[in-house]
Amino acid sequence: MINLHNHTIFSDGRYDGQEIIQRCKDCDLRSVAITDHYATSKINSIHPAELDEYFEAGREWKEIQGINVFQGIEIDSCPYRSKHENFPWDEINGMDLVLVEYIENPDMGGMDLDWLVQLRDKLDIPIGLAHTDIGMMLERTGMDAAQLLDLFEKHDIFIELATAARYSRSGRPYFKLCPEFYENITARNIKVSIGTDTHGRLETLCDVASAWDYIQEQGLEEQVLDKFL
Ligand SMILES: [Zn+2]
């Protein structure tokens with residue numbers, strides 16, 4: 001199993017990366033990623049001047065044996081909270097992955113899919129949608145599932161299956177609410193990730209079984225993101 005979405009004290013998390021990674025080793029995780037918020041006024045996040053320090057911490061995290069460790073950032077797509085025009089894309093390309101939040105989510109001031117595609121072109125590394133309610137995205141954009149799958153396939157954008165309870169509607173996780181989309185990923189060249197979006201509770205780091213079971217049910221094992229990092 002994997003958990004590729006977690007926060008540390010570099011942003012609004014409560015624990016150091018070492019503590020998070022050690023805890024992930026205790027459960028059945030083969031891969032973990034630290035993905036702190038970068039330069040958003042929404043919450044405490046990595047300041048551009050701290051990016052070198054963050055990379056240095058990442059090199060130390062990757063020396064931990066017994067689990068694959070990856071490092072990325074999470075980008076807030078809201079242009080009022082996050083000044084994307086000032087982002088150091090060359091440096092960001094040194095990460096293993098980038099998560100983007102709030103795409104096509106006007107309640108959170110997020111940007112649209114066209115903006116995501118432009119962002120994608122600035123980066124050579126895997127980029128994906130964090131905790132996205134795909135059913136809501138289809139409703140808001142007027143696209144159908146096949147069109148959205150086409151777009152993600154064409155631009156190599158991965159999809160995160162978010163397991164935290166806050167990423168659910170009517171008691172069901174977002175990834176179980178839109179079968180016309182998720183059940184067709186297998187036929188596409190699209191990668192999938194899993195994230196708990198852990199901030200303050202180490203015990204949530206291992207809560208990935210619901211998404212892992214889903215990946216197995218759908219036969220998506222060969223499309224799991226860590227295989228490509
Ligand atoms: Zn997050």
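Start by selecting Ile-73 and Val-98: Ile-73 stands opposite Val-98, which belongs to β4. The model on screen is a predicted one.

**The β3–β4 pair**

Extend the selection to residues 68–76, strand β3, and residues 97–101, strand β4. The two strands run parallel and are joined by 5 bridges. One residue before Val-98 in this view is Leu-97, the bridge partner in β4 of Gly-72. Now colour β3 by burial: 8 of its 9 residues are buried, so the strand is largely enclosed by the rest of the structure.

**Across to β2**

Next, select residues 31–37, strand β2, which is parallel to β3 and joined to it by 7 bridges. His-37 has Glu-74 as its bridge partner in β3. To follow the connection, add residues 51–61: the chain leaves β2, passes through helix α2 and arrives at β3, in a β-α-β crossover that is right-handed.

**The whole sheet**

Show the strands of the sheet together. It is open, with 7 strands in the order β1-β2-β3-β4-β5-β6-β9, and the pairing is parallel. Look at residues 2–3 (β1) and 192–195 (β9): these strands are at the edges and have a single partner strand each, so one side of each has no neighbour in the sheet.

**The nonpolar core**

Select Leu-4, Leu-97, Val-98, Val-100, Val-192, Ile-194 and Ala-211. The largest nonpolar core has 58 residues, and these are the ones that touch the most other members. Strand β6, residues 157–162, gives the most to this core, with 5 residues.

Return to Leu-97 and display its surroundings. Leaving out residues up to four places away in sequence, Leu-97 touches Leu-4, Ala-33, Phe-70, Gly-72, Ile-125, Pro-126 and Leu-229.

**Helix α6**

Move to residues 145–154, helix α6. Which residues of this helix are buried? They are Leu-148, Leu-149 and Phe-152. The three cover an arc of only 100° around the axis, which puts them on the same side of α6. Turn to the other side of the helix to find Ala-146, Gln-147 and Lys-154, which are exposed.

To see what lies over the buried residues of α6, add α5 (134–141), β6 and α7 (179–182), which are among the elements covering them. Just after α6, click on Asp-156, where phi is positive, at about 55°.

**Thr-132**

Select Thr-132, in the loop between β5 (127–129) and α5. Is Thr-132 buried or exposed? Thr-132 has 23 C-beta neighbours inside 10 Å and therefore counts as buried. Apart from residues up to four places away in sequence, Thr-132 touches Ile-103, Met-137 and Tyr-174. For a distance check, pick Asp-90 as well: the C-alpha atoms of Thr-132 and Asp-90 are 26 Å apart, with a sequence separation of 42 residues.

**Zooming out**

Finally, display the whole protein chain, which has 8 helices and 9 strands. Its radius of gyration is 16 Å, close to the 17 Å given by the globule rule for 229 residues, so the chain is as compact as a globular protein of that length. The C-alpha trace spans about 45 × 40 × 30 Å along its principal axes.

Colouring the chain by burial marks 43% of the 229 residues as buried. If contacts with a separation of 6 or more are drawn, 78% of them are between residues 24 or more positions apart.

Definitions and conventions
Residues numbered from 1 in each chain as written. Predicted model: local features only at pLDDT ≥ 70, side-chain atom pairs only at ≥ 80, totals over all residues. Pairing = 2+ DSSP bridges. Helix = DSSP H or I, 4+ residues; strand = E, 2+ residues; numbered from the N terminus. Core = buried A, V, L, I, M, F, W, Y, C linked by C-beta atoms within 7 Å. Buried ≥ 20, exposed ≤ 12 C-beta atoms within 10 Å, placed from the backbone. Contact = placed C-beta atoms within 7 Å. Arc of directions from axis to C-beta. Right-handed = clockwise from strand over helix to strand, strands pointing away. Rg over C-alpha atoms; globule rule 2.2 N^0.38 Å.
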